[in-house]
Amino acid sequence: MYRAPTEQRRRLCAQFAGWGIPTAKALIQVHAALPDIPLIASGGLRSGIDLAKVLALGADLGGLAGPFLKAADVSAQAWLTWPPR
C-alpha cells in the first residue's frame, strides 16, 4: 500500500490487505486433504530456498518463472547468467 502513487489507490490496496490463503498454509491443507494426488506449488516462488520450502511442506513439484522472466526482459545474457552474483 505504501507504494501506491495516490490516496485512492492506497485505499483500494487496503481493501485487499490480508486477503487470500498463504501458500504454506494452502500446501499443508491440500496435502492433508488429498495426500495421494500430485501437488504442484507455483506462484510467488523466487529462489531455490522457496522451492525447498514448498517441497518440505508436501509439494511434489514447484515452479518459478518470475525471476527468469525479469532477467530475460533485461537481456539474453542476463537470463543466461541468472541468478545475479
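**Stop 1: the salt bridges**

Start with the charged side chains: this predicted model has two salt bridges. Select Glu7 and Arg10 to see one of them, with a nitrogen-to-oxygen distance of 3.4 Å. Both residues sit in helix 1, three residues apart, about one turn of the helix.

Now add Arg11 to your selection. Arg11 also forms a salt bridge with Glu7, and here the closest N and O atoms are 4.0 Å apart. Arg11 and Glu7 are four residues apart in helix 1, so about one helical turn separates them. With the three side chains on screen, you are looking at a network of salt bridges that links Glu7, Arg10 and Arg11.

How exposed are Glu7 and Arg10? Switch on a surface to look: Glu7 is partly exposed, at 44% relative accessibility, and Arg10 is partly exposed too, with a relative accessible area of 30%.

**Stop 2: the aromatic pair**

Next, select Phe16 and Trp19. A search of the whole structure finds one aromatic pair, and these two rings form it: their centres are 6.0 Å apart and their planes meet at 85°. Planes over 60 degrees apart count as edge-to-face, so the pair of Phe16 and Trp19 falls in that class.

Colour the two residues by accessibility while you are here. Phe16 is partly exposed, with a relative accessible area of 48%, whereas Trp19 is exposed, at 70%.

**Stop 3: a nonpolar patch on the surface**

Keep Phe16 and Trp19 selected and add Leu12. Together, Leu12, Phe16 and Trp19 make a nonpolar surface patch of about 410 Å². Leu12 brings you back to helix 1, which spans residues 7–15.

**Stop 4: the nonpolar core**

Hide the surface and move to the interior. In soluble globular proteins, nonpolar side chains tend to be buried together. Which residues make up the largest nonpolar core here? Select Leu27, Leu39, Ala41, Leu45, Val54 and Ala59, six residues in all.

Centre the view on Leu27 for a last look. Leaving aside its neighbours within four places in sequence, Leu27 is in contact with Leu39, Ala41, Val54, Leu57 and Ala59. Show those side chains as sticks and compare them with the core selection: Leu39, Ala41, Val54 and Ala59 are among the core residues, and each of these four is in contact with Leu27.

Technical notes: Residues are numbered from 1 along each chain as its sequence is written. This is a predicted model: local features need pLDDT of at least 70, side-chain atom pairs count only at pLDDT 80 or more; totals for chains, interfaces and linings use all residues. Side-chain values use heavy atoms; hydrogens and water are left out. Rings of Phe, Tyr and Trp (its six-membered ring) pair if their centres lie within 6.5 Å; planes under 30 degrees apart count as stacked, over 60 as edge-to-face and the rest as tilted. Buried means under 20% relative accessible area, exposed over 50%, partly exposed in between (1.4 Å probe, protein chains only). A nonpolar core is a set of buried Ala, Val, Leu, Ile, Met, Phe, Trp, Tyr and Cys residues joined through side-chain atoms within 4.5 Å. Contact means heavy atoms within 4.5 Å. Patches are made of residues with over 30% relative accessible area and no salt bridge: like charges are joined within 9 Å, nonpolar side chains (Val, Leu, Ile, Met, Phe, Trp, Tyr) within 5 Å. Accessible areas come from the Shrake-Rupley method with a 1.4 Å probe; for residues, only the protein chains shown count as cover. Helices (H or I, at least four residues) and strands (E, at least two) are DSSP runs, numbered from the N terminus.
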